[in-house]
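User: I am new to this structure and should be grateful for a close look at its nonpolar core. Please set the core within the chain as a whole and then proceed to the loops and outer positions.

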Amino acid sequence: MIALKHRLPERISTERLVLVPPDLTHVPRIAALANNERVHRVMSRLPFPYSEDDALFFINEVVPDPQEKCFAITLDGQFIGVVGLSMGPDTAPELGYWLGEAYWNHGYATEAARAVIAAAKEAGATSLKSRALMSNAPSRNVLKKLGFIEIGEGTDQQGTLMGQSIMFMRLELDRE
């Protein structure tokens, strides 16, 4: 069976956004937007400070990883964030996203994630999971708007949020 990553489209367009594979042209904007302590505080996989070397690592190592499907979120051709799925063995794909702070509270995260969820459903995914810091009500609200339900609290066991309280969430994708 072809892996979910390869059944997902390379490009997704929404009303306001275009989701494309992150590439080297995005490196300066990735570094500029991710090098923000307010963004870093709620992200499990973003180092801080965040440099162009970190953005190059993301493009060269994370994007091509067989267990990752990453999309650059672009608005009017300009990079504003990332949305994607992490796919481990024997578990539902995990939805993750981040936006540069200037793009918060405009509905872009919801719009981009909704498009990835629809693509994942079309590609055969039956459920997705996600997680957010207990203290990150805006992200938990985005996930709730997308239909995720809270399934339990825990402590993050990895990344820069290790030891912090998180909410695990799940979304069942009804197949018609």
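Analyst: The following account begins with the chain as a whole, turns to the core, and ends with selected loops and individual residues.

The model is predicted. Its chain holds six helices and eight strands. Read from the N terminus, these elements follow the order α-β-β-α-α-α-β-β-β-α-β-α-β-β. The C-alpha trace extends over about 40 × 35 × 30 Å along its principal axes. For 176 residues, a compact globule would be expected to have a radius of gyration near 16 Å, and the 15 Å of this chain agrees with that. Of these 176 residues, 48% count as buried. Among contacts with a separation of 6 or more, 61% join residues that stand 24 or more positions apart in the chain.

The core itself can now be considered. The largest nonpolar core comprises 57 residues. Within this core, the residues with the most contacts are L19, F58, V83, L95, W98 and F148. Helix α5 supplies the largest share of the core, namely nine residues. This helix covers residues 108-122.

W98 merits a separate description. Strand β5 is formed by residues 94-99. Once residues up to four places away in sequence are set aside, W98 touches I30, L33, A34, V39, M43, L46, I73, F79, G81 and V82. W98 is also one of the residues with the most contacts inside the largest nonpolar core.

From the core, the description passes to the loops, where several backbone features call for attention. Most residues other than glycine have a negative phi, and most peptide bonds are trans. The peptide bond from F48 to P49 is cis, with omega near -5°. P49 is situated in the loop between α3 (37-40) and α4 (52-62). D90, although not a glycine, has a positive phi of about 60°. The loop that contains D90 runs between β4 (78-86) and β5 (94-99). With a relative accessible area of 85%, D90 is exposed. N105 likewise has a positive phi, near 65°, in a residue other than glycine. The position of N105 is in the loop between β5 and α5. N105 is exposed as well, at a relative accessible area of 76%.

Helix α4 and the loop after it provide two further positions. D53 belongs to helix α4. Its relative accessible area is 60%, and D53 therefore counts as exposed, the cut-off being over 50%. D53 and P28 are 25 residues apart in sequence, while their C-alpha atoms lie 9.9 Å apart in space. P64 occupies the loop between α4 and β3 (68-75). At 48% relative accessibility, P64 is partly exposed. Its contacts, leaving out residues up to four places away in sequence, are with K5 and I59. The C-alpha atom of P64 is separated by 9.9 Å from that of P22, and the two residues are 42 residues apart along the chain.

Two positions in later elements complete the survey. K145 is part of helix α6, which consists of residues 137-145. K145 is exposed, with a relative accessible area of 56%. Apart from neighbours within four places in sequence, K145 is in contact with T110 and R114. Between K145 and R114 there are 9.3 Å from C-alpha to C-alpha, at 31 residues apart in sequence. T155 is located in strand β7, residues 149-155. With 36% relative accessibility, T155 counts as partly exposed. T155 touches G163, Q164 and I166, residues up to four places away in sequence not being counted. S165 is 10 residues from T155 in sequence, and their C-alpha atoms are 4.6 Å apart.

Finally, the surface and the charges may be described for the chain as a whole. The accessible surface comes to about 9,200 Å², and carbon and sulfur atoms account for 51% of it. The chain carries 18 positive and 22 negative charges, whose mean positions are 5 Å apart.

Note on methods
Residues numbered from 1 in each chain as written. Predicted model: local features only at pLDDT ≥ 70, side-chain atom pairs only at ≥ 80, totals over all residues. Heavy atoms only, no water. Helix = DSSP H or I, 4+ residues; strand = E, 2+ residues; numbered from the N terminus. Rg over C-alpha atoms; globule rule 2.2 N^0.38 Å. Buried < 20%, exposed > 50% of the residue type's maximum accessible area, 1.4 Å probe, protein only. Contact = heavy atoms within 4.5 Å. Areas by Shrake-Rupley, 256 points an atom, 1.4 Å probe, with all protein chains shown as cover. Lys, Arg positive; Asp, Glu negative; His and termini not counted. Charge placed at Lys NZ, Arg CZ, Asp CG, Glu CD. Core = buried A, V, L, I, M, F, W, Y, C linked by side-chain atoms within 4.5 Å.
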